[in-house]
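Subject: A structure to look at, with notes

Hello,

Here is the structure I promised to pass on to you, and below it I have written out what was found in it. Please keep the model open while you read, so that you can look up each residue as it is named.

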Amino acid sequence: MALALRVAYLTHGVGRWSRWPQEHPRLLQSLVCSSSSSFSSSWKAKSSVIIQKSHYTTQHPRQPKQQQQSQPTQPTEPVPTTPPQIKRNVASEITSVGKAIYEARWDAKQGSRQQKQLTGVSDGKMSTGSKSSGGQDQEVGQKDLDTLKSKREQMRDNMQDYIFTRYFNYVKNYDKVLEKNFPKAMQLYRVFFDGVKDFFADMKRFLKVARIANESPRGIRALNRQELELYMQMPRDMMKVAPALIGCSLPMVGYAFFPLVFWYPRIFLTPHFWTEQQRSEFKNFYMKRRLQCNKPVFRCLQAKLKSLKGHHKHAEFESILGQLGSGTHPSAEALISVKDIFAEGPYSLLGMSRKHVKCLVKLHGLQSSLFKRHRLHEHAFLVHYMDLAITREGGVHNLSTEALSHSCYLRGLNPNNLGREEMIEWLRTWVKVSTSIQGEHITLFLHLPILLGYNHPHNWKTIYCKKAET
């Protein structure tokens, strides 16, 4: 409005604008457009109407009507230099311009308000409509959202399942690929992996058995046959395999130590890491090495026989040694009758010579150490408790074929190619003698592999047949 007043003032005070009436509409329109470029279309319509209604009269000095009518239609001459007189109503102009500007601004505000009201009314209608529908639209929308979310979650779960299943299948089948390309390496890997698993499983069982033996008032006698076998064998296996496991786990050293371990499995590994073929071969090897000590032990018994001439069981024991020399074995009753000869004297544990003790250690497959007599004593009592456990469990005939084979192997009889009935018969004789002796007769128990198995055909074949072939 102030701008409009300024323009009116300037036009009123300066008379050199000769064509103001003609330029007034365009000037006012440009001023209005520049001052309010954001006005709505309604303002443009109103401003144009207001401009058309504004009254401006531009007349030259009056002439008679006749002259005007009689004047021919010829080209007009140049306009005289005197400026025309303008008759204006300034107040009406100012009020009209101000009114137009005010109405235009008010209409713009009203338009925005109406839009807001319309949006509010539409929202209100939607809300009232949704309320009137009893919440059905909300439930439908919520169901749609839930179904959309469930579909997205399902797609995500399916993608995760697909990725993980493909990955795990690849890992599973990767062993087959390696086994196809590197059969020997994969065989060694499987043997080692299975051996470690079996070894640690037996070690856990051994710790449990040792706790039972220490906490039970009966001690070792509370264990069954299998637990006693594990209790006797597991410490030896742990000592044997410890260097291999430690060496393979060391950085840089393991790469060189691992092939060395599998190059000499009999020396560094236990039966947990052996194949079936290796177990059979190594058992035969150890059995043959043990049986090769039968003859030295028998010679030690014969050498000390003369020192027992004063004993009342001397003659009986001499006949027993004669039977062994002639290729037969004494009965269980004959061995039980001469058990007192092993309680003291040169056949007792403390009275035996060093050579005799060393041969007995090798005969039973024990490791050489400084405390050989202690090892022999411990081994004898453990096997004796196994015999007592077999009796408690129903006898020898209740054992499985594998258990019979292992029992014969442990007691000095080669079970290869031996029938079940032969193993049962031999073990019955052993158990009968073992359960009839006491602690002071422990050396009789240590000599039972000689007294009951020295002339057994399978033992003789194990010792001498391969020598004859070579």
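A salt bridge, in the sense used in this email, is a side-chain nitrogen of Lys or Arg within 4 Å of a carboxyl oxygen of Asp or Glu. Please keep in mind throughout that this is a predicted model. By the rule just given, the count comes to 6 salt bridges, and three of the pairs are described here, beginning with E229 and R225, whose closest N and O atoms are 3.1 Å apart. Both of these residues belong to helix α8, which covers residues 225-249, and they stand 4 residues apart, or about one turn of the helix. Are the two partners buried or exposed? With buried meaning under 20% relative accessible area, E229 is buried because its value is 14%, and R225 is likewise counted as buried because its value is 8%.

The second pair is E276 with R279, whose side chains meet at 3.5 Å, N to O. These two residues are 3 residues apart in helix α11 (residues 276-291), which means that about one helical turn separates them. Here E276 counts as exposed, at 61% relative accessibility, whereas R279 counts as partly exposed, at 28%.

The third pair is E333 with K432, and the closest N and O atoms of this salt bridge are 2.5 Å apart. Because E333 lies in helix α14 (residues 332-337) and K432 lies in helix α18 (residues 420-434), the pair ties together parts that are 99 residues apart in sequence. E333 counts as partly exposed, with a relative accessibility of 46%, and K432 also counts as partly exposed, with 38%.

Helix α8 holds one further residue that you may like to find, namely E227, which counts as partly exposed at 22% relative accessibility. Measuring from C-alpha to C-alpha in the model, E227 and F206 are 7.9 Å apart in space, although 21 residues separate them in sequence.

Now to the chain as a whole. The protein chain has 21 helices and 2 strands, and of its 470 residues 32% count as buried. Among the contacts in the chain with a separation of 6 or more, 67% are accounted for by residues 24 or more positions apart.

Which residues touch the most other members of the largest nonpolar core? They are F317, Y347 and L376, in a core of 62 residues, and the element that gives the most to this core is helix α16 (residues 372-392), with 8 residues. If residues up to four places away in sequence are not counted, F317 touches L301, L305, V338, I341, F342 and Y347. Apart from this core lies another one, of 21 residues, which includes V261, L269, F282 and Y286.

F317 also takes part in a contact between two helices. Two packed helices are described by the angle between their axes and by the distance between those axes. For helix α12 (residues 294-303) and helix α13 (residues 314-326), the angle is about 150° and the axes are 11 Å apart, and the crossing of α12 and α13 is left-handed. On the α12 side the contact is made by F298, L301 and Q302, and on the α13 side by F317, L321, L324 and G325. Sorted by class, this contact has 5 nonpolar residues, 2 polar residues and no charged residues.

Two loop residues complete these notes. Most residues other than glycine have a negative phi. N417, however, has a positive phi of about 60° although it is not a glycine. N417 is placed in the loop between α17 (401-410) and α18, and it counts as exposed, because its relative accessibility is 78% and exposed means over 50%.

H456 sits in the loop between α20 (448-453) and α21 (457-469), and H456 is buried, with a relative accessible area of 15%. What is H456 in contact with, leaving aside its neighbours within four places in sequence? The residues in question are H329, L413, L418 and W426.

With best wishes

Notes: Residues numbered from 1 in each chain as written. Predicted model: local features only at pLDDT ≥ 70, side-chain atom pairs only at ≥ 80, totals over all residues. Heavy atoms only, no water. Core = buried A, V, L, I, M, F, W, Y, C linked by side-chain atoms within 4.5 Å. Buried < 20%, exposed > 50% of the residue type's maximum accessible area, 1.4 Å probe, protein only. Contact = heavy atoms within 4.5 Å. Axes fitted to C-alpha atoms, helices over the stretch in contact; angles between N-to-C directions. Left-handed = near helix turned anticlockwise from the far one by under 90°. Nonpolar A, V, L, I, M, F, W, Y, C, P; charged D, E, K, R; others polar.
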